[in-house]
Amino acid sequence: MSGNTKRYVILTPFKKADVLAGICKLHGLDVWVVPSKNGAMVVHDMPVPVFDDWDISELLGGAPGDGEGADKVAATDEPSAEGSADSKTEALAAPADAVQSAEAGDAPAEPSQAGSGDGSDAGDGDKDPDVLDADDRDAVARKLASLTREGVIALTAELGEDVGNEEGVSGLVTALAFDYKGKVDDVPAGLIVATGESVLEEMLLGDTEPSKVKGAIRSGEIQSNFLEKLAKGKPDAGEALPPRRPRRFFGKDGS
């Protein structure tokens with residue numbers, strides 16, 4: 001493990017990992033589905049933002065590069081008296097100009113509520129609500145929770161290597177419970193990890209990759225024929241049952 005990582009593991013009550021992987025495929029998700037005794041788990045690594053050059057404006061909410069020194073900041077904090085008088089004069093003259101424009105019939109155009117008309121909002125209505133983003137943990141958890149009355153639990157691990165003389169990994173693990181109605185509650189992550197299977201803790205801490213777990217399926221690599229097999233079901237491999245003898249309405253079976 002190197003650098004910072006952010007991974008979520010969603011615990012589900014689905015017993016068959018292939019069925020859960022097929023559901024994820026139908027919703028456009030490219031995630032790992034890992035089987036376990038308590039239910040299949042959805043595992044996905046989310047991108048971690050990397051900041052190469054820190055700027056104080058990023059912490060204060062401004063755009064990078066706005067301030068170019070303490071002199072510029074001090075100049076903006078102490079405006080000149082002449083500039084203040086000019087701004088007050090313009091503010092007082094503005095209502096008179098607005099009245100003259102209204103009397104002349106040149107009313108300012110109001111912004112349209114239907115959109116800008118440049119086509120930027122045209123694609124919002126065409127977006128498929130069933131297609132999910134794997135990086136959106138809450139949306140994925142809500143969708144899976146809506147398919148079962150037991151709901152799901154989403155655990156998120158944000159880990160990073162220690163800096164300094166100490167060696168090892170430090171971080172934070174949180175857990176949220178999603179029910180089938182969409183309600184979200186905080187749950188103790190430590191208790192869930194302690195009482196869960198060992199593979200859960202290993203994947204959260206990065207000791208085991210989901211691709212190395214036996215029976216793990218990547219939903220993004222599923223082919224269409226696999227989904228068709230799940231929909232149709234597998235044929236019974238046993239022998240055909242003998243035809244049943246006809247029964248009479250009254251009395252015993254005919255010999």
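**Thr12 and the largest pocket**

In this predicted model, Thr12 is buried, because its relative accessible area of 6% falls under the 20% cut-off. Thr12 sits in the loop that runs between strand 1 (5–11) and helix 1 (17–26). From this loop, the side chain of Thr12 reaches the backbone oxygen of Ala40 at a distance of 2.6 Å. Once neighbours within four places in sequence are set aside, the residues in contact with Thr12 are Leu20, Asn38, Gly39, Ala40, Leu144 and Val152.

Thr12 also brings us to the largest pocket, which holds about 240 Å³ of space. This pocket is lined by 15 residues, and those closest to its centre are Leu11, Thr12, Asn38, Gly39 and Ile192. Sorted by class, the lining comprises 7 nonpolar, 6 polar and 2 charged residues.

Gly39, one of the residues closest to the pocket centre, belongs to the hairpin of strand 2 and strand 3 and takes a positive phi near 145 degrees. This hairpin has 6 residues between its strands. Strand 2 (residues 32–34) pairs with strand 3 in the antiparallel sense over 3 bridges, and here Val34 stands opposite Met41 of strand 3.

Strand 3 is worth following a little further. Strand 3 pairs with strand 1 as well, again in the antiparallel sense, over 6 bridges; Ile10 has Val42 of strand 3 as its bridge partner. Strand 3 (residues 41–46) is mostly covered, with 5 of its 6 residues buried.

Technical notes:
Residues numbered from 1 in each chain as written. Predicted model: local features only at pLDDT ≥ 70, side-chain atom pairs only at ≥ 80, totals over all residues. Heavy atoms only, no water. 1 Å grid on protein atoms, 1.4 Å probe; cavity = no way out; pocket = protein on both sides within 12 Å on 5 of 7 lines; lining within 4 Å. Points joined across faces, edges and corners; volume = space filled by probe spheres on them. Nonpolar A, V, L, I, M, F, W, Y, C, P; charged D, E, K, R; others polar. Helix = DSSP H or I, 4+ residues; strand = E, 2+ residues; numbered from the N terminus. Buried < 20%, exposed > 50% of the residue type's maximum accessible area, 1.4 Å probe, protein only. Polar contact = N/O pair within 3.5 Å; in protein donor to acceptor, adjacent residues only side chain to side chain. Contact = heavy atoms within 4.5 Å. Pairing = 2+ DSSP bridges.
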